[in-house]
Amino acid sequence: MDRKVVVPGDLLSEDAKRSGEGTYVKNGSVYSLLYGLANFRDKINVIPLAGKYVPVPGDNVIGVVKDITFSNWIVDINSPYDGLLHISEFPKRIESEEMSKHLHIGSSIMTRVTDVDPTMKVELTLNDKKLGLIKAGQVIEISHTRVPRLIGKGGSMISMLKKEVNCNIFVGQNGRIWIHGGTEDMDLALKTITLIDREAHTNGLTDRIVDFLKTEKGARS
Amino acid sequence: MDETDISFFKDGLRLDGRKADQLRPVKIEVGVLARADGSCYIEMGGNKVIAAVYGPREVHPRHLQEATRAIVRYRYNMASFSVEDRKRPGPDRRSQELSKVSREALEPVILTSFFPRSVIDVFVEVLQADAGTRTAGINAAAVALADAGIPMKSMISSCAAGKVADTIILDPMKEEDNFGQADLPIAMTPNGDITLLQMDGGLTPDEFQRAVEMAMKGARDIYELQRDALVKKYSQMVEQPGREEVHVCD
């Protein structure tokens, strides 16, 4: 794969049709919008090295309740924009007065973005059996720009990781990751995710992670 | 002119040994502040400037918020120890003007429409001043914005030209700025769109033309240095990863 470090304004291609994420077209040519890594495939995408998470409908995220209003929980989703979880999006019917009994300020939740309007009002839901309050385990935070690498192509990295470390893992697109399992397993998962975060922009990462897990496990037994 | 000529040039070279169209040495470091989303430290001759970018983030106070785009706030500040006579700390007329023009120099390339209802804060602190702090500040801020992952149409580079002893010179230093006849800072994109142009002093139309061209050439050279600094930061990240840590939350 052809990859290159680019800065904003770099000319990437003369073919406007190849414009992908992180690029823009001017006078029929494609330029970079970001400082990051350009991937030259059919489309040219620029993957940023940093930046804030901007919610997109369908994203799974991990949030922390920071306020409760009459019918909404206001949730910090590690983004410039707060998430709104409406009372009707809670899995069971509850009364407005009892909202803080179910999710109080400081509660961590696994949730999904259902809608983002042009003024960046972000609506969340808990209506899925994968989603809900976090009662056990650990939440760690990495840069959201590394999340695609942690998931891997078609989920290859994350499914391998789940199997190898024997942990439940929920990856939030906002860079927050929940791990749940035995103490030692969680430590290993944490170590591995740290490694992926650090070496996110190197080639052949999955193979290296497999080797890493093998040696770590070998050292344990 | 009179004797002052002699003091500006010696054997065709300037007081610090530069040619008329030569920049002062430039050093750029990216990502120097761990708490900021993006940061940059720059030295341009005797100028030492640090820039920090925060955001996009929530706007406080709320009434400044724009429903359709991000606002950009730029604060240029001189440290009290940055000049020989202590500078009275805090914003003054000069720094307010520089903050405004610098913000307007950068705003045209930032895609503010990507982040409605948010703010991008840019802080520029001058640690040591030696003429041309606004240009150094803009250069540092542009690199810091890129480092923060903020989408921009292009980089911005800034450079000044001046006139001393009836000669057009590039990148005036303190003495040339204080006792010279004109100072003309510009900021531009690498393809030559000018986003800032100021002039202090007097130039004939012909001199003005030449000064602008000289400053643009200087800005292009600075663009290459900004680019190199960003590319270098990436290769360092690959070679010795691990500066960024993972936080364990409760």
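The following exchange concerns a predicted model and the terms applied to its chains A and B.

Biologist: Why is chain B called as compact as a globular protein of its length?

Modeller: Chain B holds 5 helices and 13 strands. Its radius of gyration is 19 Å, and the globule rule gives 18 Å for 250 residues; the two values are close, so chain B is as compact as a globular protein of that length. Along the principal axes, its C-alpha atoms fill a box of roughly 70 × 45 × 40 Å.

Biologist: What share of chain B counts as buried?

Modeller: The cut-off for a buried residue is 20 or more other C-beta atoms within 10 Å of its own. In chain B, 45% of the 250 residues count as buried.

Biologist: What makes S6(B) and S7(B) a pair of strands?

Modeller: Pairing requires at least two bridges. S6(B), residues 71–78, and S7(B), residues 118–128, are joined by 8 bridges and run parallel, so they satisfy the definition of a pair. Within this pairing, B:Val72 stands opposite B:Ile120. B:Val72 also belongs to the covered face of S6(B), together with B:Tyr74, B:Tyr76 and B:Met78. The uncovered face carries B:Ile71, B:Arg73, B:Arg75 and B:Asn77.

Biologist: Why do side chains alternate between two faces?

Modeller: Such alternation is a property of a regular strand within a sheet.

Biologist: Why are S1(A) and S6(A) called edge strands?

Modeller: The open sheet of chain A has the order S1-S5-S6, with antiparallel pairing. S1(A) and S6(A) each pair on one side only. The twist averages 25° from one strand to the next. S1(A) meets S5(A) over 5 bridges, with A:Asp2 opposite A:Phe40.

Methods. Residues are numbered from 1 along each chain as its sequence is written. Chains are lettered from A and ligands numbered from 1 in the order in which they are written. This is a predicted model: local features need pLDDT of at least 70, side-chain atom pairs count only at pLDDT 80 or more; totals for chains, interfaces and linings use all residues. A residue is buried if 20 or more other C-beta atoms lie within 10 Å of its own, exposed if 12 or fewer, and partly exposed in between; C-beta atoms are placed from the backbone. Helices (H or I, at least four residues) and strands (E, at least two) are DSSP runs, numbered from the N terminus. Axes are lines fitted to C-alpha atoms, for helices over the stretch in contact, and angles run from 0 to 180 degrees between N-to-C directions. The radius of gyration is taken over C-alpha atoms; the globule rule is 2.2 Å times the number of residues to the power 0.38.
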